[in-house]
Amino acid sequence: MASKTQPLITILLLSLLLLSHLSSSHGCPVVTYWGQNRNEGELNTACDTRNYEIINIAFLNKFGNGQPPKIDLSGHCNWNTPSGEPDCTGYASQIAYCQSLGIKIFLSLGGDSSQYTLASAAEAKELADHLWTYYLSGQTSGPLGLVALDGIDFDIEAGTNLYWDVLLKDLYAYTQQKKFYLSAAPQCPIPDYYLDAAIRTGLFDYIWIQFYNNPPCEYTDDGDTQKLINSWNQCTTYTATKFYVGLPASPAANGSAGGYVPIDVLNNEILPQVETSPKFGGVMLWSRYYDSLSGYSDQIVCTATGAFEAVRAPLVGMMKSASEVLYRVLS
């Protein structure tokens, strides 16, 4: 009797456990940027929180117009070197540690700097080759040591709007050799001045939309969420695997530029609406430093309604069938 009923009991127990997990899970995928404030702590400390699905190392922000590409991690690296240039190779072990936890580590290009641009398609190809060789391939030691990062992020906010689509296509060609991800952080007014041509290629895996610095499409202190929701609905008409709601992690993260959303407004008024999109991926926060002070990512609640409903019916059906068979066997 035991040999006949054991598989049925196992099915019932596993189904109940899965349903319980799905119905009670409030975790929300969170992306953040690390590297722009030495007081934010080390990368491995950020990963130890288990709060983040993806961490963008910010930024590679000097390239183009004949400049050799350079990374700037705002005081995180060792500056006591003979050349006077920072040595960031010690982060290879921290990156590997984070990846061992299942956290994806990207390198972000650009940011709020005036030291980058692409002057030609040939320069875009040279940058793609550099990124592949020293950050993605895992075969040649580079500024972060010997690493094989999980992706490249485009946070382009300066320079011209030329050749970013070319860079994207050149990078995408390397995904035939090794799988890695490509992401973008456009401003919420669309079309984004810098990245529209690149976004229209449909090659980005992830797009985290910056719903801040932009009054026409950000949350405002008068409680108006509709501008953000309307912009979200427009942005998600583009092609990408997942879209994220990009927000400041505290009022201080963006100062007077605006866009901070109180956590209760996010959880109760914004997420329940944007989560209905099959393209919803989670929340992007600027930045790890401000999140470490505010604890914002700890408080984000995703209902996961869509995911729950997608599996609930077949699981309930399976449980019902197993229960009926078990009843007949025991009778």
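In this predicted model, strand β5 (residues 151-156), helix α5 (residues 164-174) and strand β6 (residues 181-184) form a β-α-β unit that is right-handed, a term meaning that, with the strands pointing away from the viewer, the path from the first strand over the helix to the second runs clockwise. Helices (H or I, at least four residues) and strands (E, at least two) are DSSP runs, numbered from the N terminus. Residues are numbered from 1 along each chain as its sequence is written, local features need pLDDT of at least 70 and side-chain atom pairs pLDDT 80 or more, while totals for chains, interfaces and linings use all residues, and side-chain values use heavy atoms, without hydrogens and water.

Strands β5 and β6 pair in the parallel sense over four bridges, where pairing requires that DSSP finds at least two bridges between two strands, and D153 stands opposite S183 in β6. Strand β4 (residues 104-111) is likewise parallel to β5, over six bridges, with D153 as the bridge partner of S108. A right-handed β-α-β unit is also made by β4, α4 and β5. Because six of the six residues of β5 are buried (under 20% relative accessible area, 1.4 Å probe, protein chains only), this strand is largely enclosed by the rest of the structure.

The largest nonpolar core, a set of buried Ala, Val, Leu, Ile, Met, Phe, Trp, Tyr and Cys residues joined through side-chain atoms within 4.5 Å, has 81 residues, and F154 and W164 are among those that touch the most other members. Helix α4 (residues 121-136) provides the largest share of this core, seven residues.

Terms used
Buried means under 20% relative accessible area, exposed over 50%, partly exposed in between (1.4 Å probe, protein chains only).
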